[in-house]
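Me: Could you walk me through this structure while I have it open? I'd like to go topic by topic.

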Amino acid sequence: MVREGKWSARSVVMEALSRIDAVEGSVHAFLHVDREGALRRAEEIDRAVAEGRDPGPLAGVPVAVKDNISVEGMPLTCGSRILEGYVAPYDATVVRRLREAGAIIIGKTNLDEFAMGSSTEYSAYGPTRNPWDLSRIPGGSSGGSGAAVASGEVPLALGSDTGGSVRCPASFTGVYGLKPSYGLVSRYGLVEFSNSIEVVGALASTSRDLSLLFSVIRNSSSPDPLDQTSVFAPLQDIGGIEGMEFGLLIQTLGKGVDPEVESATYRFADEMKDMGGKVEEVSLPEMGLALPAYYLLVCAEASSNLARYDGIRYGMPAPLDARNWNEAFSTVRGKGFGPEVKRRVMMGSFELSSGYYDAYYLRAVAARKLLREKMLSLFRKYQFLISPTNPVLAPALGEKLSDPLSMYLLDLDTVLANLSGIPALSIPFARARGLPVGIQLMAPPLRDDWLTSVASLLELRGKVELAGEVAEVA
């Protein structure tokens, strides 16, 4: 409507800002809202339309960006005190592509500090709340982005996914969350936590919106020269799923899984059968290696990547009265990092230390290689794999904070896709006890478009419980 001149971009932005004002006090999805910048950009788009120019496929659409992705001129805190006051000097590639498509970056969303968490409770700026039940977590680490879409503050948002950080909040807040194939979306401008695993992902309330957002941010014609891990793959629309083979991962069901989550997963499998797909249970005995291997790898990479926060180059300044560099370094990091970041940095430093490197890190690398090989072997038979996105419904705020292992177990079903580099999508398929239930669908590497196609077909059949529905925000 904006592109056709039927609705002004300014009106769209004003409506989004009004909704943010109405619910943000309860939800706390944003760390920064760029009111003046958004309205200024809207005026530019309206002027382009008036002059007969096409601003792009996302003309006037407000988009929220997780605050570990660089947006020029906006704060970049990563949810941490150590980067308080830091302003990004450039746009990430995904942000540049959004702007070129006419999107309006309306603000930066809350996250677990440096994307380390599954609840958005580890943010130094306070937790985000689940719009469907304000006493519960929205998932993490992209909880702010998930909550912003679920509560109707924005229709689209970017997150990052290292072990489920887009899919977990998508599941808990009832929106779509796509973790792309590693390399298919540029990582340039994403603050590194675990750079061999993490990706930029997309969140939206409908499958059509998700497909549109993904088509804008993906490498559409060539790899991004600013990202050495970047790859390109042409689109491949499957059309329908008649005759497609689906594997239902039995290790993701049973003990420890909420009965209603398990029931929803089986109903999803039945829907695939009704649509012409072939579904059978499949076993991956090696799945028990995934979570420990994942946490060993990400902690090792975190300990290396976060060494750059030294109080000298950016963010929190080193104390002037420090006696030496080591004291200054320790003081800044002691005050600037929160408990979960410290825990992971110490774990990573330990496993990389002399005498433990072979026993922990190298074994985790070997486990990742094995898991990837096993997953690829499954995809030689199946086009898709099915599992719950999370084994449980959204927990209460504070419920898991005193037990880190319990928090880590929220990633039990999602880390496989990250370790394998494959695409995975959380679909807001059902509702249980008033809360959303997401079902995870995984596809072979670079076949991300297969996932969005299945989501669109399901939505057209009216089989997606929460598609497009906005939380009332009690």
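Reply: What follows goes through helix packing, backbone geometry, salt bridges and the surface, and please keep in mind that this is a predicted model.

Me: Ok, helices to start with. How do α3 and α6 cross, and at what angle?

Reply: Helix α3, residues 93-100, and helix α6, residues 207-217, have axes that come within 8 Å and cross at roughly 115°. That angle makes α3 roughly perpendicular to α6, and the crossing of the two is right-handed.

Me: And what about α6 and α14, how far apart are the axes there?

Reply: The axes of α6 and helix α14, which covers residues 448-460, are 9 Å apart, and the two helices pack at an angle of about 160°. Because of that angle, α6 counts as roughly antiparallel to α14, and α6 passes α14 in a left-handed crossing.

Me: Why do you give me both an angle and a distance every time?

Reply: Because two packed helices are described by the angle between their axes together with the distance between those axes.

Me: Fair enough. Switching to the backbone, which residues does the cis peptide bond join?

Reply: The cis peptide bond joins G140 and S141, with omega at about 5°. As for where to look, S141 sits in the loop between β3 (104-109) and α4 (143-150).

Me: Which residue other than glycine has phi near 55°?

Reply: That is F114, whose phi is positive, near 55°, in a residue other than glycine. F114 lies in the loop between β3 and α4, and A115, also found in the loop between β3 and α4, has a positive phi of about 65° although it is not a glycine.

Me: Are F114 and A115 buried or exposed?

Reply: F114 counts as buried because its relative accessibility is 3%, and A115 counts as buried at 4% relative accessibility; the cut-off for buried is under 20% relative accessible area.

Me: New topic, charges. How many salt bridges are there in the whole structure?

Reply: A search of the whole structure finds 29 salt bridges. As general background, side chains of opposite charge can pair when their charged atoms come close.

Me: Where does R187 come into this, and which partners does it have?

Reply: R187 forms a salt bridge with E192, where the closest N and O atoms are 3.9 Å apart, and R187 forms another with E198, where the closest N and O atoms are 3.8 Å apart. R187 and E198 both lie in the loop between β5 (176-179) and β6 (199-204), so this pair ties together parts that are eleven residues apart in sequence. Salt bridges that share partners join R187, E192, E198, D227 and R308 into one network.

Me: Which of R187, E192 and E198 are buried, and which partly exposed?

Reply: R187 is buried, with a relative accessible area of 9%, and E198 counts as buried at 2% relative accessibility, whereas E192 counts as partly exposed at 25%.

Me: What about E84, which residue does it pair with?

Reply: E84 forms a salt bridge with R81, and the closest N and O atoms of that pair are 2.8 Å apart. E84 is partly exposed, with a relative accessible area of 45%, and R81 is partly exposed too, with a relative accessible area of 33%.

Me: Now the surface. Which residues make the nonpolar patch?

Reply: F350, Y356 and Y360 make a nonpolar surface patch of about 280 Å². Of these residues, Y356 is found in the loop between α10 (339-351) and α11 (357-378), and Y356 is partly exposed, with a relative accessible area of 35%.

Me: Last one: how far apart are M272 and A328 in space?

Reply: M272 and A328 are 58 Å apart in space, C-alpha to C-alpha, while in sequence they are 56 residues apart. To help you find that end of the pair, M272 lies in helix α7, residues 259-274, and M272 is buried, with a relative accessible area of 0%.

Terms used
Residues numbered from 1 in each chain as written. Predicted model: local features only at pLDDT ≥ 70, side-chain atom pairs only at ≥ 80, totals over all residues. Heavy atoms only, no water. Patch = residues over 30% accessible without salt bridge, like charges linked within 9 Å, V, L, I, M, F, W, Y side chains within 5 Å. Areas by Shrake-Rupley, 256 points an atom, 1.4 Å probe, with all protein chains shown as cover. Salt bridge = Lys/Arg side-chain N within 4 Å of Asp/Glu carboxyl O. Helix = DSSP H or I, 4+ residues; strand = E, 2+ residues; numbered from the N terminus. Buried < 20%, exposed > 50% of the residue type's maximum accessible area, 1.4 Å probe, protein only. Axes fitted to C-alpha atoms, helices over the stretch in contact; angles between N-to-C directions. Parallel < 35°, antiparallel > 145°, perpendicular 65-115°, else oblique. Left-handed = near helix turned anticlockwise from the far one by under 90°.
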